[in-house]
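Q: Please take a close look at the aromatic side chains, at how their rings are arranged and how open they are to the surroundings. I would then like to see them set against the rest of the model, in one connected account.

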Amino acid sequence: MLEDYLDINFKKFAWFAGLVMVVALLTTMLYWLIFGFDSWNKNVQIASDLMLAAVG
């Protein structure tokens, strides 16, 4: 019923969402291997601070 209402093939959407998650995980792992976890952690904290500053 919801599939007809939204005109979405949920099986294809699930594959797409899964693929997006796998790509995000792989790029994060590659970043960790190249730059290290500490650099990633620092950059994530900076991004979080910037998002909070944009909201407030």
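A: A residue counts as buried when its relative accessible area is under 20%, as exposed when that area is over 50%, and as partly exposed in between. By that scale Phe-37, at 43% relative accessibility, is partly exposed. Since the model is predicted, confidence deserves a word before the details: the mean pLDDT of the protein is 90, with 98% of its residues at 70 or more. Confidence is highest in α2, where the mean is 94, and lowest in α1, where the mean is 78.

Turning to the rings themselves, the structure holds 4 aromatic pairs. One of them joins Tyr-31 and Phe-35, whose ring centres are 4.7 Å apart and whose planes make an angle of 45 degrees, an arrangement described as tilted. Both residues belong to helix α2, where they are 4 residues apart, about one turn of the helix. The two partners fall into separate classes of accessibility: Tyr-31 is partly exposed because its relative accessibility of 25% lies between the cut-offs of 20% and 50%, whereas Phe-35, at 52%, counts as exposed because it passes the 50% mark.

A further pair brings together Trp-32 and Phe-37, with 5.4 Å between the ring centres and 70 degrees between the planes, so this pair is edge-to-face; the angle required for that label is over 60 degrees. Trp-32 has a relative accessible area of 31% and is therefore partly exposed, as is Phe-37 at 43%. These two residues also belong to one aromatic cluster, which is formed by Trp-32, Phe-37 and Trp-40.

Aromatic residues also appear in a nonpolar surface patch of about 830 Å², made by Leu-2, Tyr-5, Leu-6, Ile-8, Phe-10, Phe-13, Phe-16 and Val-20. The elements that give two or more residues to this patch are α1, spanning residues 2-6, and α2, spanning residues 10-35. Of the contributing elements, α2 gives the most, with 4 residues. Leu-6, a member of the patch, is found in helix α1 and is partly exposed, with a relative accessible area of 41%. Elsewhere in helix α2, Ala-14 is likewise partly exposed, at 47% relative accessible area.

The overall fold gives these side chains their setting. The protein has 3 helices and 0 strands, and along the sequence it follows the pattern α-α-α. Its radius of gyration is 17 Å, well over the 10 Å that the globule rule gives for 56 residues, so the protein is more spread out than a compact globule. Along the principal axes, the C-alpha atoms fill a box of roughly 45 × 35 × 10 Å. As an example of spacing within the chain, Ala-14 and Asn-41 are 27 residues apart in sequence, and their C-alpha atoms are 29 Å apart in space.

The accessibility of the whole chain completes the picture. Buried residues make up 0% of the 56 residues, and the protein exposes about 5,300 Å², of which carbon and sulfur atoms supply 73%. The aromatic residues examined here can be read against that total: Tyr-31 is partly exposed, Phe-35 is exposed, and Trp-32 is partly exposed.

Note on methods. Residues numbered from 1 in each chain as written. Predicted model: local features only at pLDDT ≥ 70, side-chain atom pairs only at ≥ 80, totals over all residues. Heavy atoms only, no water. Patch = residues over 30% accessible without salt bridge, like charges linked within 9 Å, V, L, I, M, F, W, Y side chains within 5 Å. Areas by Shrake-Rupley, 256 points an atom, 1.4 Å probe, with all protein chains shown as cover. Salt bridge = Lys/Arg side-chain N within 4 Å of Asp/Glu carboxyl O. Buried < 20%, exposed > 50% of the residue type's maximum accessible area, 1.4 Å probe, protein only. Rg over C-alpha atoms; globule rule 2.2 N^0.38 Å. Phe/Tyr/Trp six-rings, centres within 6.5 Å; stacked < 30°, edge-to-face > 60°. pLDDT = per-residue confidence, 0-100.
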